[in-house]
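Colleague: Before I use this model, I should like to understand the terms applied to it. Could we go through them in order?

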Amino acid sequence: MEKLHKMKSVWVEGPVSPAFIADSIAKHSSMQDIGAHSIFLGQVRRDRIGAQEVCAIEYSAYAEMADPVFHRIREDMFAKYQLNCLHVYHSLGTVAAGEICLFVFTSSPHRRDAIDACNELVERIKKEAPVWGKEIFAEGGHQWKQNLV
Amino acid sequence: MKITLLAFGMVSDHTGRRLELQVPEGSTLRDLKWQLESLFPRLAWMDFKWARNEQMTEDFDLLLQENDTIALIPPFSGG
């Protein structure tokens, strides 16, 4: 039977903490039909652009449009792959270089579904979610991040 | 009539994040585009798409309605 998944919010104010990630993993120990997890963590990179250095990214989103997009991607993943569960968390606001801004977590009975779904999710989020990253320079000023397609 | 304009990413550097605008009854999205380009001339050279009430649109003949929310959507850069 088709499972219906309620719309979950993906937004985290500021960085995703390592403790939150560890806790998310721990919570799955009670789900013992899972045989594999796959995790993607996006980390803010200290890019150097000419003489400027990126010290943080400030994320903003059009949440009213983004929430249905995340929901649709999630439903597509459940339809395409055999998954026990799937979690996505994306930062809003300021995330410093070295901190985590995207946490994608898929779980399945066998590894292939978890790995493939996780990869596809990350690609689709980058391409389809109305989210913008403003790269803040240590010396002041900013530029808008551009995702490589 | 009143419409709300939302701008994101690099477009918002030029327009601000949110504006309330008055447009004449019967205005189309094209009329609004011209109005915005006269207010913010750099918009004419910027890469962005349009959304009306959270739906993407490329229909510039679209008639605007009172309380519409129009969003200017540059290329995404999440993750």
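The exchange below takes up the interface, the pockets, the cavity and the salt bridges.

Modeller: This is a predicted model, in which local features need pLDDT of at least 70 and side-chain atom pairs count only at pLDDT 80 or more, whereas totals for chains, interfaces and linings use all residues. Residues are numbered from 1 along each chain as its sequence is written, chains are lettered from A and ligands numbered from 1 in the order in which they are written, and side-chain values use heavy atoms, with hydrogens and water left out.

Colleague: What makes a residue part of the contact, and how many residues does each chain give?

Modeller: Contact means heavy atoms within 4.5 Å. By that rule chain A gives 22 residues and chain B gives 19 residues.

Colleague: Why is an area quoted for an interface?

Modeller: The accessible area lost when the parts come together is often used to give the size of an interface. Buried area is that accessible area (1.4 Å probe), lost by two parts on being put together and summed over both. Here chain A and chain B bury about 1,700 Å² between them, with 60% of it on carbon and sulfur atoms. Tyr62(A), Trp132(A) and Trp144(A) supply 41% of the area that chain A buries against chain B, more than any other three residues.

Colleague: How do you know how many salt bridges and polar contacts cross the interface of chain A and chain B?

Modeller: A salt bridge requires a side-chain nitrogen of Lys or Arg within 4 Å of a carboxyl oxygen of Asp or Glu, and the rule finds zero across this interface. A polar contact is a pair of N or O atoms within 3.5 Å; within protein, one must be able to donate a hydrogen and the other to accept it, and residues adjacent in sequence count only if both atoms are side-chain atoms. That rule finds 13 residue pairs across the interface, both residues being at pLDDT 80 or more.

Colleague: What makes Asp23(A) and Lys27(A) a salt bridge?

Modeller: The N to O distance between their side chains is 3.7 Å, and the limit is 4 Å; the pair therefore qualifies. The two residues are four apart in helix α1 (residues 18-27) of chain A, which means that about one helical turn separates them. Over all chains, the search finds 13 salt bridges.

Colleague: What makes a space a pocket or a cavity?

Modeller: On a 1 Å grid over the protein atoms alone, a cavity is a set of points where a 1.4 Å probe fits but cannot get out, while a pocket is an open set with protein on both sides within 12 Å along at least five of seven lines; lining residues have an atom within 4 Å of a point. Grid points are joined across faces, edges and corners, and a volume is the space filled by probe spheres set on the points.

Colleague: What volume does the largest pocket have, and which residues are closest to its centre?

Modeller: Its volume is about 670 Å³. Of its 24 lining residues, Lys126(A), Lys127(A), Glu128(A), Pro75(B) and Phe76(B) are the closest to the centre. The second largest pocket has about 420 Å³ and 22 lining residues, with Arg45(A), Lys126(A), Lys145(A), Gln146(A) and Asn147(A) nearest its centre.

Colleague: How many cavities of 30 Å³ or more does the search find?

Modeller: One is found in the whole structure. The largest cavity holds about 120 Å³ of space, and its lining includes Met7(A), Asp67(A), Phe70(A) and Val88(A).
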